Amino acid sequence: MNAKTKDIISIILKIENMQTNIIERYLRQELSNEELQDFTFQLAMDKELRNEVEANRMIFKTLKTMPPVGGGLTTGSKSNRLLWLGAIVILLVGSVFVYQQMTKQNQAPVVPLIDQKETTKQPIAFAPNESYEQLILADLHRGTEYTLKIDFPERENTLEIQHAASIQIPLKGNLQWNLPAAEFQFSIYSNKWEDYENESSVFQEEIKLKLQSENDFVIDEIFSAQLQPGIYYFLIETVEDGEPRGGGKFLVVD
Amino acid sequence: MEKFNPIGYNPEERFDFFLSQLREKRPGEWRWLLDMLRKRVTPWLFKKDGNLPAGAIASVDEFIEEVFANSLYQFCELFETGTFANLGEIRGLMFRIGELKLKEGYHKVRRDGLIYFKDDIRNNEDLTAQQDKLTLLDLRTQDAILELREQIVKLEKEDQEILIRYSKGEELSSIAINLGITAAACRKKKQRALEKLREFVLDGFGK
């Protein structure tokens with residue numbers, strides 16, 4: 001299979017993946033108003049899509065009827081105790097809120113839910129996303145068995161790239177990898193955290209590492225991508241398990 | 001202030017032109033129509049909706065969205081061969097379909113209790129009597145769902161756990177913490193497991 005065919009197959013898989021992810025988000029009622037409008041239009045126009053949506057709906061319904069395998073939360077671990085504590089706090093705060101609402105003299109009329117899940121923090125294209133910010137700032141770059149140093153884009157100065165039909169994104173750095181051989185990919189995500197959770201990157205390409213010495217690799221790539229103005233987060237991930245090993249962000253500006 | 005109209009004209013006043021654009025599948029006109037139908041039909045469905053039977057798998061929101069989606073599918077099919085004198089007739093068609101789909105939806109909810117929770121029926125006599133209420137299509141659906149459940153059970157335990165919790169609305173990050181795996185591993189497993197099930201459903205049940 002030649003490189004061009006591989007590229008075409010990769011693009012088709014990415015489009016299929018994005019379609020699958022939007023179907024999931026639709027069924028979980030996670031689409032924004034605009035996305036729901038677009039998706040409704042696609043449903044009207046595309047019979048194949050309708051079949052896929054109903055197939056997925058059947059899967060989700062069937063899953064919902066099945067009991068958890070592990071029997072739910074287990075006690076004992078610190079993280080679970082914190083989760084329970086958090087849940088109790090939320091219940092207490094919620095109870096106070098409900099009591100306050102009930103004592104109000106004028107109740108707001110109940111409006112039937114027309115739209116899909118409305119996020120009060122619906123991100124705009126340039127709004128930083130706290131989850132991504134934490135992810136890229138986390139000490140992913142150094143593990144006991146590897147060190148990844150990204151020289152460019154710099155973490156301290158957010159790179160601004162002028163918007164064009166196809167933009168160039170440089171990636172320079174160094175990787176010391178003492179684990180079994182692995183492949184790495186450069187994945188770009190918009191500022192929607194659900195895209196990361198659904199593996200719906202806006203761009204993804206394999207990183208070609210250049211061997212410098214034993215276990216020591218140079219990263220010197222320029223990726224071409226079609227991106228609209230906004231903030232983007234990139235991750236360097238191992239292909240096999242999708243683990244993020246390093247990351248950063250950049251802006252595409254008008 | 002004038003409301004923003006993405007198609008730039010009033011479809012009521014220029015209905016013939018609007019209809020011709022719809023027939024040509026012009027995105028602007030279709031988006032306008034679908035937006036209008038969703039804004040009018042969905043609240044109406046909510047008002048007509050009674051209480052869902054106990055044990056319904058879906059929430060009210062999910063149920064109404066499913067009814068709207070199924071109404072839309074039928075509307076699109078009937079639109080192709082239908083004749084319409086004005087916008088009101090197009091709206092009326094969608095409302096009539098919506099009413100029918102709502103009733104079908106109630107039947108499906110009651111049927112789902114027999115199909116999805118078949119294991120709960122312990123008495124053979126009751127089972128026979130219950131199954132008499134199912135149509136041939138329902139019985140085929142029942143078989144399909146049983147096969148799907150078998151496929152789910154064949155998945156690795158951890159993948160099953162992830163999918164079942166994810167389907168019930170839990171966030172992947174929370175599932176990951178609970179299972180003691182990384183968020184990246186959790187999302188990867190979820191994607192791969194769902195993909196297997198999708199392939200099974202789409203290959204087995206056809207398009």
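**Notebook: a helix pair in chain A and the A–B interface**

I looked up helix α2 (residues 33–45) and helix α3 (residues 47–64) of chain A in this predicted model, and their axes come within 5 Å and cross at roughly 110°; axes are lines fitted to C-alpha atoms over the stretch in contact, with angles from 0 to 180 degrees between N-to-C directions, and helices are DSSP runs (H or I, at least four residues). That makes α2(A) roughly perpendicular to α3(A), a label given to angles of 65 to 115 degrees.

I kept these conventions: residues are numbered from 1 along each chain as its sequence is written, and chains are lettered from A in the order in which they are written. Local features need pLDDT of at least 70, side-chain atom pairs count only at pLDDT 80 or more, totals for chains, interfaces and linings use all residues, and side-chain values use heavy atoms, without hydrogens and water.

I then turned to the interface, where 64 residues from chain B and 60 residues from chain A are in contact (heavy atoms within 4.5 Å). The area buried between the chains is about 5800 Å², with 57% from carbon and sulfur atoms; this is accessible area (1.4 Å probe) lost on being put together, summed over both parts. On the side of chain B, Y73(B), R187(B) and R198(B) lose the most area to chain A, together 12% of what that side buries.

I found 6 salt bridges across the interface (side-chain nitrogen of Lys or Arg within 4 Å of a carboxyl oxygen of Asp or Glu), and E24(A) meets R198(B) in a salt bridge at 2.7 Å, N to O. I noted that α9(B) gives the most to the side of chain B that touches chain A, with 14 residues.

Terms used
Helix = DSSP H or I, 4+ residues; strand = E, 2+ residues; numbered from the N terminus. Parallel < 35°, antiparallel > 145°, perpendicular 65-115°, else oblique. Buried area = accessible area lost by both parts, 1.4 Å probe.
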